[in-house]
Every structure is written in structure tokens, then in C-alpha cells.
Amino acid sequence: MNKDVAILVMSVLLAVSLTSNVFLAKGNTVGNAPAPAPVAAPSGGCGGGARAAAPAGDVVPSKFDKGMISYAAAMKNGKPSLVLFYVDWCGYCKRFAPYIPQLKKQYGNKMNVVMVNCEDAKNADLVKEYGINGYPSVFMVNPKTNAREHLNNGRFAAYETLAEDVDKFLNAQ
């Protein structure tokens, strides 16, 4: 087998493997449901990118969503906001979720922390507006200046690098 054919075969096998993992992660089994929409974002998230330390126990992002400010309320109060778009089945979202209390504690006076469940029908328009196609997707938003910055998922591996990006955005406002 020549080198080009071997590379092509390995690429196809990798693509099938990734697609199968996303399909099964959504709770489907082979043969009983249509294939899911693609969810991998070019910058990382489910399908590639960030490799944060795995959380202890069965952590799901929606457990951190209780008592959080809504997106609409955050945009009305005028403070900059970190907006996390997530789904509970996403391993990367589960790894990001424990950062939420840290973010609220460190930045609570300076910004809002908003969580948007992408599988909740009430958020469909917001998910579409932001063009979310990978999880987690994190945006820094300033409603006073209409600034929106998508944070690079590859920097979520450590809280410190995420905090650097948040600080950079807040200092620029």
C-alpha cells in the first residue's frame, strides 16, 4: 500500500471514529436514530481542542446553572458578560463546568457569568444568533459597546489561561 492510500484510509477511519463517538455521546445507538448534526468547532470543544482535567464524579454543566443570571438580564444590566454555551452530554463542557464557581467568585463584581443550554428550545434563537456549532463555546460580551469576542477553546485546559483571556477582555473595555 502506498503512503498516500495509507493516509487516506487512516483519515477515513478517524472521521468514522469521531462521528461515532459524537453519535453515541448524544444517547443514540446504532440503527435506532438518524445521524446527529455535526458539533465539532474548528477551535476545539467536543470533537477536538481543549483537554481540561476531568472533573470528579458525574458533573454536568446544568448543575451549575441554578440561580444564574439570564442572558437577557445580563445584557440589560450593562456589565460585561462571559457567556457559556453548553450541552450536558459534552465531555469538554463537563470539564469546563467546575470553572463556573471560580469565575463567579473572582469576577462577580466586574462581569456577569451566563450559561446557555444549547439543547433548551427557549435558547434556539440565541444559539443561532451566535452561530454555535461546537461545545463549549465561550464568548465575552459587552452590551455597552456591542463587543463580542469568542474565546479560544484550546485555552480552557487550565483556569489560569482562561482567566488571562477574561482579564484581557475586561481591561480592553
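Start with Phe85, which is buried at a relative accessible area of 0%. The model is predicted. Phe85 belongs to strand β1, residues 81–86. Where does its ring find a partner?

The aromatic pairs in this model number eight. In one of them, the rings of Phe85 and Tyr130 have their centres 5.0 Å apart. Their planes meet at 45°, so the pair counts as tilted. Tyr130 sits in helix α5, residues 124–130. The two residues are 45 apart in the chain, and the pair links distant parts of it. Tyr130 is buried too, with a relative accessible area of 8%.

A second pair joins Phe96 and Phe156. The centres are 5.0 Å apart, the planes are at 55°, and this pair is also tilted. Phe96 lies in helix α3, residues 91–96. Phe156 lies in the loop between β4 (147–150) and α6 (159–172). Here 60 residues separate the partners, and again distant parts of the chain are linked. Both Phe96 and Phe156 are buried.

Return to Phe85 and Tyr130. They form one aromatic cluster with Tyr71 and Phe139. Tyr130 also has a charge over its ring: the charged end of Arg148 sits there, 3.9 Å from the ring centre. The arrangement recurs at Tyr92, where the charged end of Arg95 sits over the ring, 5.4 Å from its centre.

Next, a polar residue. Ser137 is placed in strand β3, residues 137–142. Is Ser137 buried or exposed? Ser137 has a relative accessible area of 4%; the cut-off for buried is under 20%, so Ser137 counts as buried. A polar atom of the Ser137 side chain lies 2.6 Å from the backbone oxygen of Gly134. Beyond the residues up to four places away in sequence, Ser137 touches Val83, Leu84, Phe85, Ile132 and His150. Phe85 therefore appears among the contacts of Ser137 as well as in the aromatic cluster.

Now the cysteines. How many disulfides are there? The count is zero. Cys93 is in no disulfide, although the sulfur of Cys90, the nearest cysteine sulfur, is 3.3 Å away. A disulfide is a covalent bond between the sulfur atoms of two cysteines. The cut-off used here is a sulfur separation within 2.5 Å, so 3.3 Å does not qualify. Cys93 is buried, at 1% relative accessible area. Why does Cys118 not bond to Cys93? Their sulfurs are 7.7 Å apart, which is too far for a bond. For Cys118, the sulfur of Cys93 is the closest cysteine sulfur. Cys118 also counts as buried, at 14% relative accessibility.

Finish at Phe64, in the loop between α1 (3–25) and α2 (71–77). Phe64 has 24% relative accessibility. Buried requires under 20% and exposed over 50%, so Phe64 counts as partly exposed. Which residues does Phe64 contact, leaving aside neighbours within four places in sequence? They are Val59, Ala97, Pro98, Ile100, Pro101 and Met115. Tyr99 gives a distance for this region: its C-alpha atom is 9.6 Å from that of Phe64. Along the chain, Phe64 and Tyr99 are 35 residues apart.

Note on methods
Residues are numbered from 1 along each chain as its sequence is written. This is a predicted model: local features need pLDDT of at least 70, side-chain atom pairs count only at pLDDT 80 or more; totals for chains, interfaces and linings use all residues. Side-chain values use heavy atoms; hydrogens and water are left out. Buried means under 20% relative accessible area, exposed over 50%, partly exposed in between (1.4 Å probe, protein chains only). Rings of Phe, Tyr and Trp (its six-membered ring) pair if their centres lie within 6.5 Å; planes under 30 degrees apart count as stacked, over 60 as edge-to-face and the rest as tilted. Helices (H or I, at least four residues) and strands (E, at least two) are DSSP runs, numbered from the N terminus. A charge sits over a ring if NZ of Lys or CZ of Arg is within 6 Å of the ring centre and within 35 degrees of the ring normal. A polar contact is a pair of N or O atoms within 3.5 Å; within protein, one must be able to donate a hydrogen and the other to accept it, and residues adjacent in sequence count only if both atoms are side-chain atoms. Contact means heavy atoms within 4.5 Å.
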